[in-house]
Amino acid sequence: MPDPVHLDAPSLQKFLDGTEPDRHGTVVSFRPVSGGYSRLTAITTVTWGDGTDEAMVLRADPPPGSGIFHSDRDAEWHFLRAMHGRAPVRTARPRYYDATGEYFGAKCIAVEFFAGRPLPELAKSGASGAVDRAREIFVDTAAKIHSTPIDVLPPDMARPPDWSTYIDELVEFLRTIDDSVSDSNPALHYAAAQLKEHRPPPVPLTLVHGDFQPANLLVADWADWADWADWADWADWIDGSGGDPLVIDWEFARIGDPREDLGYYSQLKLPPNLYETDPDGFLARYREHTGLTEEQINRDTIEYFYLLGMARLLGQLIHAADDLYRGNPRGVMATYLFNAISDAMHRFFDIARRLAS
């Protein structure tokens, strides 16, 4: 039996005592928080021996067999260390890493805490123009992610040889998702055939976030957003003391087609969807910032890359559901699987039919 995972204050205290004995740190607060569907997450404050306080966010792997999505903490840690302070986009400062699970019972990353709120709170704040401003922030951040120099990224991050090979391999992955599960899914095979037949114009491969959605952008805190009457004043504040949004949850980061990020987000149902509220404005602003053409970035290519942008996560959903079918529990989020797969298959088939026509 594997050791239990214990993301708690006593384990963090032991970690600090073992890794920073000369700083005499004391854990003064520790609060577990919801951290998505894949990682255990907590916010903590440590008081060091010199009297300074430091707030951090901890992310640890869940117990084996209990999660839906799987990713590599070693890769995430190397990525965060490579990106911080060297990329166009703002990322959390990496602080500590329990690489073996010695202290927490699982690999655990600690990053500097950022005092901010998720971008959807801005969009839903009630301030005049809030949705439009949130869309601008979201699109501008996407463009910055996709402009990250490849040589900034960790040397062991997979680098596809060229765009055509990358797309072919991703389409083939989608086609074979159900090869090792209990039931076949004809919609996957039909969608893969249409993707292979109707490839869009190529674009340069870039850094891809892999779970790019407004909830993964944190905007610095300020006074009540609903009180802001002039967004020009707000923009001046952001450019001054506020700074750029912080982008979090990089566990699915990779080098790929940047349209995967846009397609993945385009049909997420969490309101307000910043793409659906103004698709043409969304895409025009992205083209303006990236220099890509309307032939490369349009509503049809975004639908195409919804299918490919979802491929890896859909594969993990299908395999997790198959585990349930075989009698292997996958935790409290297991009931989410069947609804998510059903919804994705409906959309896949609908988009594939439009591609075919």
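1. Glu-172 makes a good starting point: in this predicted model its relative accessibility is 36%, so Glu-172 counts as partly exposed. Its partner is Arg-175, and the two side chains meet in a salt bridge with an N to O distance of 2.5 Å. Arg-175 is partly exposed as well, with a relative accessible area of 34%. Both belong to helix H5, where a spacing of three residues puts about one helical turn between Arg-175 and Glu-172.

2. Staying with charges, the count of salt bridges in the structure comes to 29. Side chains of opposite charge can pair when their charged atoms come close. One of these pairs is Asp-257 with Arg-259, whose side chains meet at 2.9 Å, N to O. Here the setting is a buried one for both Asp-257 and Arg-259. Have a look, too, at the network in which salt bridges with shared partners join Arg-39, Arg-59, Asp-61, Arg-73, Glu-76, Asp-249 and Glu-251.

3. Which parts of the chain does the bridge between Glu-251 and Arg-73 link? The N to O distance in this salt bridge is 3.8 Å. Glu-251 sits in the loop between strand S10 (246-247) and S11, while Arg-73 is in helix H2, so the pair links distant parts of the chain, 178 residues apart. Both Glu-251 and Arg-73 are buried.

4. Glu-251 turns up again in the second largest pocket, which holds about 520 Å³ of space. This pocket is lined by 26 residues, and those closest to its centre are Ala-75, Glu-251, Phe-252, Ala-253 and Arg-254. Two or more lining residues come from each of helix H2 (73-83), helix H5 (163-175), strand S11 (254-256) and helix H11 (311-325). H2 gives the largest share, four residues. By character, the lining divides into 13 nonpolar, six polar and seven charged residues.

5. How many cavities of 30 Å³ or more does the structure hold? There is one, and the volume of the largest cavity is about 50 Å³. Its lining is made up of Leu-12, Phe-15, Leu-58, Tyr-96, Tyr-97, Asp-98, Phe-104, Cys-108, Ile-109 and Ala-110. Helix H1 (9-19), strand S5 (94-98) and strand S6 (108-112) are the elements that give two or more residues to this lining. Nine of the lining residues are nonpolar, none is polar and one is charged.

6. On to the rings, where the structure holds 13 aromatic pairs. One of them is Tyr-190 with Phe-349, a tilted pair at 5.4 Å centre to centre with 45° between the planes. Because Tyr-190 lies in helix H6 (residues 186-197) and Phe-349 in helix H12 (residues 334-356), the pair ties together parts that are 159 residues apart in sequence. Are these rings buried or exposed? Tyr-190 is partly exposed, with a relative accessible area of 29%, and Phe-349 is partly exposed at 37% relative accessibility.

7. Two further ring features deserve a look in the viewer. Phe-138, Phe-212, Tyr-265, Tyr-275 and Phe-282 are linked by ring pairs into a cluster. Elsewhere, a charged side chain meets a ring: Arg-23 lies over the face of Trp-48, at 3.8 Å from the ring centre.

Technical notes: Residues numbered from 1 in each chain as written. Predicted model: local features only at pLDDT ≥ 70, side-chain atom pairs only at ≥ 80, totals over all residues. Heavy atoms only, no water. 1 Å grid on protein atoms, 1.4 Å probe; cavity = no way out; pocket = protein on both sides within 12 Å on 5 of 7 lines; lining within 4 Å. Points joined across faces, edges and corners; volume = space filled by probe spheres on them. Nonpolar A, V, L, I, M, F, W, Y, C, P; charged D, E, K, R; others polar. Phe/Tyr/Trp six-rings, centres within 6.5 Å; stacked < 30°, edge-to-face > 60°. Buried < 20%, exposed > 50% of the residue type's maximum accessible area, 1.4 Å probe, protein only. Lys NZ or Arg CZ within 6 Å of the ring centre and 35° of its normal. Salt bridge = Lys/Arg side-chain N within 4 Å of Asp/Glu carboxyl O.
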